[in-house]
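Grab a pen and work through these exercises with the structure open beside you. Each one sets a task and then walks through a solution.

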Amino acid sequence: MADEAPFQFLHNEVIQYISKSAEKGETENGRNITKLENMGFRVGQGLIERLTKDTSRFKDELDIMKFICKDFWTCVFKKQIDNLRTNHQGIYVLQDNKFRLLSQLSAGKQHLEHAPKYLSFTCGLVRGALSNLGVKSIVTAEVSVMPACKFQVMIQKM
Amino acid sequence: MWSTACLFHHDGMIAFQPTSMRNSELFTLTYGALVTQLCKDYENDEEVNKQLDKMGYNIGVRLIEDFLARSSIGRCQDFRETADVIAKVAFKMYLGITPSVTNWSPAGDEFSLILENNPLVDFVELPDNHSTLIYSNLLCGVLRGALEMVQMAVDVRFVQDTLRGDNVTEIRMKFIKRIEENLPAGDE
């Protein structure tokens, strides 16, 4: 879809920029991932504000997570999360079987080592969105075969 | 212990259909986050402008392929036709706006794109200490990079910007030269 292209190209360029500055000093790698994540966080905060303008109050944490999996994901990636699992103790696993930002990279294990940097921004996106809904969290991601990936959300109790 | 949440029991309809308007917000906000980051990373606005242009160029050289594949537009006969395609097809397709094309130079090698509303600056307010920042400079790079891939060297710059108090946003495009196809040496 044409209106997705600008975001995808921009996202790639942001990653290029951040990882190029990472090459200059190896030790900075962690900090650069943080930069990407922080950018996502800001964007997530902004998006959720505009997205929840007309929705009613959420019942509970699970309700919020469902909103992230359905409406938020559809807004950003044009599809829903394929599977949401929880241990009912504050950990949620969101699985996307065809993650938009990976689906054009590879369908398998090729280039797998590059996959993580394509996920940091989205981790931040989710964390930022949750944060503006009053949920403090840590979001991580893992990929074993592209383009499927899992995001793990750990809710931090206040 | 682990269970699948009943995410999709009453599946079928999503609460709302996200519009392309919302998707452009994603782009706008991401771009904003990028500019913010660049302003932190570089000491002066000039460097930020340069970096934005460079990133735009990288996007442009890729975006042109996407554009040609989608629009099935052939080679332009002259610069006027190029201007029309950029304003009416490309801007419309990717940003959902149609800038007007004006201020042609007598020689027909220079024109302006007037943007009534620039989606990149939707939620932006420039702080006073960034008076020389060309916020949307990415666009210049995109245009330059894309046109270079169709053998046109073009100078692209912002001459007016509503973010800096002007009434309109104006991008000036100046045709420099036609880039010759590089044939390998000895190959006719």
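**Exercise 1. Follow a strand pairing to the edges of its sheet.**

Task: start at Thr86(A), find its bridge partner in β2(A), then work out the strand order of the open sheet.

Solution. Keep in mind that this is a predicted model.

Step 1. Look across from Thr86(A) into β2(A): the bridge partner there is Tyr92(A).

Step 2. Now take the two strands as a whole. β1(A) and β2(A) run antiparallel and are joined by four bridges. In general, strands of a sheet pair through backbone hydrogen bonds, in either a parallel or an antiparallel way.

Step 3. Check what else β1(A) pairs with. Strand β1 of chain B, residues 3-4, pairs with β1(A) in the antiparallel sense, over two bridges. For a residue to click on, try Arg85(A), whose bridge partner in β1(B) is Thr4(B).

Step 4. Put the order together. The open sheet has five strands, β3(A)-β4(A)-β2(A)-β1(A)-β1(B), and the pairing is antiparallel. Its edge strands are β3 of chain A and β1 of chain B, each of which pairs on one side only.

**Exercise 2. Describe the interface.**

Task: say how many residues of chain A and chain B are in contact, how much area is buried between them, and what the chain A side consists of.

Solution.

Step 1. Count residues. You get 42 from chain A in contact with 42 from chain B.

Step 2. Turn to area. About 4200 Å² is buried between chain A and chain B, and carbon and sulfur atoms give 66% of that.

Step 3. Tally the polar side of things. There are three salt bridges between chain A and chain B, and four residue pairs in polar contact, with both residues at pLDDT 80 or more. One salt bridge to look up is Arg50(A) with Glu25(B), where the closest N and O atoms are 3.0 Å apart.

Step 4. See which parts of chain A take part. α1 (5-24), α2 (29-51), α3 (61-77), β1 (83-86) and β2 (91-96) of chain A each give two or more residues to the side that touches chain B. By class, that side has 22 nonpolar, eight polar and 12 charged residues.

**Exercise 3. Sketch chain B and find its enclosed helix.**

Task: write out the order of elements in chain B, then explain why α4(B) counts as largely enclosed.

Solution.

Step 1. Count the elements: chain B has four helices and five strands. Reading from the N terminus, they run β-α-α-α-β-β-α-β-β.

Step 2. Get a feel for the whole chain. Of its 188 residues, 47% count as buried. Take the contacts in chain B between residues at least 6 apart in sequence, and 57% of them join residues at least 24 apart.

Step 3. Zoom in on α4(B). Nine of its 11 residues are buried, so the rest of the structure largely encloses this helix. Among the buried ones are Leu138(B), Leu139(B), Val142(B), Leu143(B), Ala146(B) and Leu147(B).

**Exercise 4. Check the unusual backbone spots.**

Task: locate the cis peptide bond at Pro147(A), then decide whether Asn103(B) and Gln151(B) are buried or partly exposed.

Solution.

Step 1. The cis bond joins Met146(A) and Pro147(A), with omega about 0 degrees. Pro147(A) sits in the loop between β3 (137-142) and β4 (149-155) of chain A.

Step 2. Asn103(B) has a positive phi, near 50 degrees, and isn't a glycine. You'll find Asn103(B) in the loop between β2 (100-102) and β3 (110-115) of chain B. Its relative accessibility is 44%, so Asn103(B) counts as partly exposed.

Step 3. Gln151(B), also not a glycine, has a positive phi of about 65 degrees. Its loop runs between α4 (138-148) and β4 (152-160) of chain B. Here the relative accessible area is 16%, so Gln151(B) is buried.

**Exercise 5. Map the surroundings of one arginine.**

Task: find out where Arg164(B) lies and which residues it contacts beyond its sequence neighbours.

Solution.

Step 1. Arg164(B) is in the loop between β4 and β5 (169-178) of chain B. With a relative accessible area of 40%, Arg164(B) is partly exposed.

Step 2. Set aside neighbours within four places in sequence. The contacts of Arg164(B) are then Leu126(B), Ser131(B), Thr132(B), Leu133(B) and Ile134(B).

Step 3. Look for a polar partner: a polar atom of the Arg164(B) side chain lies 3.3 Å from the backbone oxygen of Ser131(B).

Step 4. Add a backbone distance. Tyr135(B) is 29 residues away from Arg164(B) along the chain, and their C-alpha atoms are separated by 9.4 Å.

Methods:
Residues are numbered from 1 along each chain as its sequence is written. Chains are lettered from A and ligands numbered from 1 in the order in which they are written. This is a predicted model: local features need pLDDT of at least 70, side-chain atom pairs count only at pLDDT 80 or more; totals for chains, interfaces and linings use all residues. Side-chain values use heavy atoms; hydrogens and water are left out. Contact means heavy atoms within 4.5 Å. Buried area is the accessible area (1.4 Å probe) that two parts lose on being put together, summed over both. A salt bridge is a side-chain nitrogen of Lys or Arg within 4 Å of a carboxyl oxygen of Asp or Glu. A polar contact is a pair of N or O atoms within 3.5 Å; within protein, one must be able to donate a hydrogen and the other to accept it, and residues adjacent in sequence count only if both atoms are side-chain atoms. Ala, Val, Leu, Ile, Met, Phe, Trp, Tyr, Cys and Pro count as nonpolar, Asp, Glu, Lys and Arg as charged, and the others, Gly among them, as polar. Two strands pair if DSSP finds at least two bridges between them. Buried means under 20% relative accessible area, exposed over 50%, partly exposed in between (1.4 Å probe, protein chains only).
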